[in-house]
Amino acid sequence: MAYLVKQSHRAAAVTAPVPVDASLPRACVIGAGSSGITAAKHLYLAGIPFDCFEKGSDIGGTWVYDNSNGQSACYDTLEINTSCPRMAYSDFPMPEDYPPYARHDQVHAYFEKYVDHFGFRHTITFDTTVEDVSRAADGRWEVRITGPGGTETRTYDAVLVANGHHWDARWPEPAYPGDFDGEQIHAHDYRSGDQLEGRDVVVVGAGNSAMDIAVESSYRARTTTWSVRRTEWVLRKFFLGKPSDQVALPGWLPWWVTAARLRVGATAAGSMTKYGLPAPTHKPGQSHPVQSEKIRERLAAGAATAKPAIERLERDRVVFVDGSSAPADLIVWATGYKVSFPFLKPDLVSVEANDLPLWKRAVHPDLPGLFFLGLLQPIGAVMPLAEAQSAWIAEMLGGGYLPPSDAVIRRQMAADHERDTKQFYASPRHTMEVDFDHYLWDLDRERKQGRERAGAARAPLAAVPTPAPVPTGGARVRRAFAGVALRAVRWKAVGEVPQRGVLVGAPHTSNWDWVLTLLLAWRYGITIRLLVKQELFVGPLGWLLRRTGAVELDRKNPAATVKDLLAEAEGDDPWLLGIAAEGTRSRGEYWKSGFYRIAQQTGLPITLAFLDVPSRTVGWGPTFHPTGDVSADMDVLREFYADKTGFKPEGFTPPRLREEG
């Protein structure tokens, strides 16, 4: 289901100190804003030794009005653009008496309560600046800090960067031509309408802050002009009387569903062209959404005037590209922020045009132990995503999660980047854009797979079977549904159930194979990677398998993926290599696809597996290495199949099988 925090989700307060496990890696958290405090909470509860350094004396980051760290962009009328149940941390709902969209002071108070509820305020070191983070000779991290006690350097196994990305103001580059006699400020330096009182104000930008400032200026300034270079779709905060962002869908659904939802919202909100702005050149969903309840009202009342992009400045006026002009003695540049890390040298971490490639927007593949929290721009709030990242990293440092191979990480990074560049138009503001619900769903899936890898890695040392992870949330619902459905059709499973697999080939899309594969994947928690040729159509059920987490689709020629499969099979990480079962009894006497050949090339063993519709049986059997003697190997297969199904005709070839490595 879509993310929505209820009062019943509140976790019990932590009233006793949590012991620290000194054997675990030591971590450093930079910043005590919304991302830093949830990182501190998860590290603290996991018993991981860590320090959290905050430059100022306040927690809450940008949500603290006049934050003592000097980096907050908070202004007096600021309120959240995500409703409270969609912004709150998963185990700590916002107070019931909060309005649907909380004010900045309420958000700050919520953060204060969060820290005290989980009892980790003592882990935060205030008034301490992180001056430098660099790699030590042994691969760990040296962090130089300056605080009340002076300057010192400490060494850590991991560094969690949570310094935010709404503090380093981005001004127009290059600057607009002409001279200007008035005052120019960035939106980061705007605090209240007192700065606008009685002035001729030009607000530049199309984001949420620009609209908030323009609305306030329309009440306080002598004249207000709102300059927009590229028109955005301006959504309303409420739809049919309810917060519009609560009309959300599960994260496994494709992006076009979210885009369609945004398109409905944009259509319901109405066009901005009637107020003098050109129509957007992109569709809803192709840019970061912006919301305002009052901008249309103030434009319609003539209290603010919309204008296109600026052409030049002329001392006490601003001239726009359409030839018109407006008086101005104050320009507010709401032109966004640069992603920067003053404590990381450019030769260590380089950010160009706000683009910093990261795996799952958190892990730098070339710098083990360096993590980035909240460095994303979701269609929703950052807080729940930073919380999920923090829980993931705590699992990683605690040993409960094991990442995949480097090759897999880089392949996923490339695929995510390609997807995002197709979803959003090219702009520095979209280099970190993610779909809120999909991101949470995808990261949750990766965490489950990582726990399985960690369990498999520990199993030989423990000499006891590692219990399968208990399904949670949507997985629990899917497992229960699949169990009921399979019992209803009287299906049985035999043999040891694998945890995930790779299917090579072209499964049918018009018979029960897909339905059975889906139900069995749900029932037994199997994650399957499907490899099919580019020209093959996998059908709607194939799409459903992939989007619900049962199958990951890779539309490549299987013959070209042997190296990838080998890389992913490193470290005794189990994979199934094969094709989907036909579900009907084959009449051939040969191996029906390249999976046997791939098993020979890779040296990976085969685990027999099948779906047999007539006997209503799914089976996983003994593992063996292909001998190259097809007849002998087929005899092994026939014997196993006959034993499990009771079907023993001579010369019979069982349904298409899967192989495991």
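## A walk from strand β10 to helix α8

Of the 661 residues in the protein chain, 54% count as buried. Keep in mind as you click around that this is a predicted model.

**Stop 1: the whole chain.** Colour by secondary structure and you should find 15 helices and 31 strands. Now show a surface: the accessible area comes to about 28,500 Å², and carbon and sulfur atoms own 54% of that. If you draw contacts between residues at least 6 apart in sequence, 71% of them join residues at least 24 apart.

**Stop 2: strand β10.** Select residues 200-204, which make up β10. Is this strand mostly covered or mostly open? Mostly covered: five of its five residues are buried. In a regular strand, side chains alternate between the two faces of the sheet. Here D200, V202 and V204 sit on one side, V201 and V203 on the other, and both faces are covered.

**Stop 3: the partners of β10.** Add residues 223-227, strand β11, which pairs with β10 in the parallel sense over five bridges. To find your way in, pick D200 and look across to T223, its bridge partner in β11. Then bring in residues 208-220, helix α4: together β10, α4 and β11 form a β-α-β unit, and a right-handed one.

Next add residues 330-333, strand β20, which runs parallel to β10 and is joined to it by four bridges. Here the residue to click is V201, with L330 of β20 standing opposite.

**Stop 4: P308.** Jump to the loop between β16 (305-307) and β17 (310-315), where P308 has its place. Its relative accessible area is 18%, and the cut-off for buried is under 20%, so P308 counts as buried. Which residues does P308 touch, leaving aside neighbours within four places in sequence? Show S227, V228, F320, V321 and D322 as sticks, and you have its contacts. While you're there, put a distance between the C-alpha atoms of P308 and P278: they are 30 residues apart along the chain, yet the separation is 8.0 Å.

**Stop 5: helix α8.** Finish with residues 406-423, the 18 residues of α8. From first C-alpha to last, α8 reaches 26 Å, close to the 26 Å expected at 1.5 Å a residue. Now highlight its buried residues: V408, I409, Q412, M413, D416, D420 and Q423. Look down the axis and see why they line up: they cover an arc of only 135°, which puts them on the same side of α8. An α-helix has 3.6 residues a turn, so residues three or four places apart point the same way.

How values were computed:
Residues numbered from 1 in each chain as written. Predicted model: local features only at pLDDT ≥ 70, side-chain atom pairs only at ≥ 80, totals over all residues. Heavy atoms only, no water. Helix = DSSP H or I, 4+ residues; strand = E, 2+ residues; numbered from the N terminus. Expected span 1.5 Å × (residues − 1). Buried < 20%, exposed > 50% of the residue type's maximum accessible area, 1.4 Å probe, protein only. Arc of directions from axis to C-beta. Contact = heavy atoms within 4.5 Å. Areas by Shrake-Rupley, 256 points an atom, 1.4 Å probe, with all protein chains shown as cover. Pairing = 2+ DSSP bridges. Right-handed = clockwise from strand over helix to strand, strands pointing away.
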